[in-house]
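Ready to practise reading a protein model? Work through each task with the structure open, then check your steps against the solution.

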Amino acid sequence: MPLFNVYPLYNVTPVSAEGVYVYDQNNIKYLDLYGGHAVISIGHGHPKYVEAITNQVAKLGFYSNAIQNPLQKQLADKIEILSGCKDYELFLCSSGAEANENALKLASFKTQKSRVIAFKNGFHGRTSAAVAVTDNKNIIAPINAQQKVTILDLNDIEAVKTELEKGDVCAVIVEFIQGVGGLDQATADFFEQLDLLCKSNNTLFIADEVQSGYGRSGKFFAFQYYKVTPDIISIAKGMGNGFPIGGILIHPHIEAKFGMLGTTFGGNHLACAAGLSVLNVIEEEKLMDNVKTISDYFIKIAKTIPQVKNIKGRGLMLGLEFDFEVSDLRKKLIYEYHIFTGGAANKKLLRILPPLNVKKEHIDQFFEALIAALEE
Ligand SMILES: Cc1ncc(COP(=O)(O)O)c(C=O)c1O
C-alpha cells in the first residue's frame, strides 16, 4: 500500500541517534540542529530517558484515564516546580494541535463565546479549531473555515482592542516566538497590553508554548520574558523528547467538570514516564542555563558572517535570515556537510532548533560548514 503523499522528503534515512547526532543506514553521521522540528529537547537516546521508558513499558505501558495514575500528578508537580507556574492545573493529551484544540474548547466553554483572535504568520496545528486559527489558507479545509476567527497583525494593539470590545471573542491565541511562521516576536508592550485587554473583556489568553516552551527560549516558557499571566498554556514538542505527549496548563479560575475534556491516549503511563525523565534531565543537567550560553555563543558568531542579514528568535529557537531563499543551502548542509537545519514560511530563514544540550563544538562545526557552503 503506498503512503499518502503529503510530505516532501529529503533523501535521508536515519536509523539510529545519540545526543545531537543522527546516523543513517550507511552509518553517515548527521549533526541534528533541527531536533526533528524542535522536539528533541534532552538529546537523542538519553540514557535516563531510555531507562525510564524501558522500565515503564515493562511494568505498565498503558491504561485508560478511568483509573488512578499517580504518574500524571508527579508530572504535573514537576512541571510546576520547573516552570514556576504556581496553581495551574494540568490536562494531558498527545500532540500540540490537540493541546490547542482543548485550550480553545475550554475558552469557549468558560466564556460561552466562540470567536478567536489569532495572528498573522501564526501556526497552531492541523486539527479543527487549531488549524482554523492558523494563518495558512492552504491547510484550512472548508470544514475548518466555518470557525469564527479573526487574524490580526502582531503589534496592532488597537485592532485587538476594537475586536475584543465587540464582546464575542472567547480567546486570543499567540506564540510568544513564532515557530513555523519565521521567529517573529511581538513587543513586550504588545504582549502586556494584550494580557490586560483579555482580562478586561472576558476573553481567555492562550499562550501557545508548543514549540517555544520547555526551556527552548532559555526560560521554561517564552511568555515568562514578559509581565503576563496566560489563562491557558499549551505544551507539546520538547515535553516527550520524541514520545508523543502534549498538554495544557489551566488557570484555576477555569473550573473543571467531568466530561468537559477527555482522551484515550493522553497522559498514559508510558507518556508520563517519558515526560518525567525529560524534566529530570532538564533540571539535573541545567539545560536552561546551557540554552542561554549556547544561544549567546551562536549569536556572537552569526553576527560575524556578512551574508547573514538578520538573526531572529531567542534561546535555541533561532533563525538566520539571508537575502536569498535557503532551500538549496539547506540541501547542501544536509547532503554535503551532513547537518540538519530547518526552514520556515519565510523562505529566506534558516531555522536552528537543536537539542537543548548542544555544545559549543557543535555550533563551531555548523558555522564552519555554513561558511564553506556559502562560499561554494
Ligand atoms: C507553535 C505550534 N503550535 C502547535 C503546533 C502543532 O503541534 P503538533 O504538530 O504536535 O500537532 C506546532 C507544530 O509545529 C507549533 O509549532
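**Exercise 1. Find which helix gives the largest share of the shell around the ligand, and describe that shell.**

Solution. Keep in mind as you start that this is a predicted model.

Step 1: Go through the shell element by element. Helix α4, residues 96-111, gives the largest share, with 3 residues.

Step 2: Now take the whole shell. It has 13 residues, and the closest are Gly96, Ala97, Asp208, Gln211 and Lys237.

Step 3: Sort the shell residues by character. You get 3 nonpolar, 7 polar and 3 charged.

**Exercise 2. List polar atoms of the protein that sit within 3.5 Å of a ligand N or O atom, and work out how much of the ligand the protein buries.**

Solution. Step 1: Start with the oxygen atoms of the ligand. One oxygen atom is 2.8 Å from an N or O atom in the side chain of Gln211. For the side chain of Lys237, an N or O atom is 2.9 Å from a ligand oxygen.

Step 2: Move on to nitrogen. A nitrogen atom of the ligand is 3.4 Å from a polar backbone atom of Phe123.

Step 3: Look at the surface. Taken alone, the ligand exposes 390 Å², and the protein buries 82% of that.

**Exercise 3. Decide whether Gln211 is buried or exposed, and find a side chain that makes a polar contact with the side chain of Gln211.**

Solution. Step 1: Locate the residue. Gln211 sits in the loop between β8 (204-208) and β9 (232-235).

Step 2: Check the accessibility. Gln211 has 7% relative accessibility, and the cut-off for buried is under 20%, so Gln211 counts as buried.

Step 3: Look for the partner. The side chain of Gln211 makes a polar contact with that of Arg351, at 2.9 Å.

**Exercise 4. Compare the span of helix α12 with the expected value, then work out how its buried residues are arranged.**

Solution. Step 1: Helix α12 covers residues 360-375, which is 16 residues. At 1.5 Å a residue it should span 22 Å, and its end C-alpha atoms are 23 Å apart, so the two values agree.

Step 2: Pick out the buried residues of α12: His362, Ile363, Phe366, Phe367, Ala369, Leu370, Ala373 and Leu374.

Step 3: Look down the axis of α12. Its buried residues fall within an arc of 165°, so they line one face of the helix.

Step 4: Turn to the face of α12 that points away from the buried side. There you'll find the exposed residues Glu361, Glu368 and Glu375.

**Exercise 5. Do the same for helix α8: which residues are buried, and which are exposed on the other side?**

Solution. Step 1: Helix α8 runs over residues 188-200, with 13 residues. From first C-alpha to last it reaches 19 Å, close to the 18 Å expected at 1.5 Å a residue.

Step 2: The buried residues in α8 are Phe190, Phe191, Leu194, Asp195, Leu197 and Cys198. They cover an arc of only 170° around the axis, so they are on the same side of α8.

Step 3: On the other side of α8, the exposed residues are Asp189, Leu196 and Ser200.

**Exercise 6. Describe the phi angle of Asn27 and that of Asn202, and say where each residue lies.**

Solution. Step 1: Asn27 has a positive phi of about 65°, although it is not a glycine. Asn27 lies in the loop between β2 (21-24) and β3 (29-32). With a relative accessible area of 58%, Asn27 is exposed.

Step 2: Asn202 is also not a glycine, and its phi is positive, near 50°. You'll find Asn202 in the loop between α8 and β8. At 43% relative accessibility, Asn202 counts as partly exposed.

**Exercise 7. How far apart in space are the C-alpha atoms of Leu75 and Ala273, and of Thr150 and Arg115?**

Solution. Step 1: Leu75 belongs to helix α3, residues 70-83, and is buried, with a relative accessible area of 0%. Leu75 and Ala273 are 198 residues apart along the chain, and their C-alpha atoms are separated by 8.3 Å.

Step 2: Thr150 is in strand β6, residues 149-152, and counts as buried at 18% relative accessibility. Thr150 and Arg115 are 35 residues apart in sequence, and C-alpha to C-alpha they are 7.6 Å apart in space.

Conventions: Residues numbered from 1 in each chain as written. Predicted model: local features only at pLDDT ≥ 70, side-chain atom pairs only at ≥ 80, totals over all residues. Heavy atoms only, no water. Near = heavy atom within 4 Å. Polar contact = N/O pair within 3.5 Å; in protein donor to acceptor, adjacent residues only side chain to side chain. Areas by Shrake-Rupley, 256 points an atom, 1.4 Å probe, with all protein chains shown as cover. Helix = DSSP H or I, 4+ residues; strand = E, 2+ residues; numbered from the N terminus. Nonpolar A, V, L, I, M, F, W, Y, C, P; charged D, E, K, R; others polar. Expected span 1.5 Å × (residues − 1). Buried < 20%, exposed > 50% of the residue type's maximum accessible area, 1.4 Å probe, protein only. Arc of directions from axis to C-beta.
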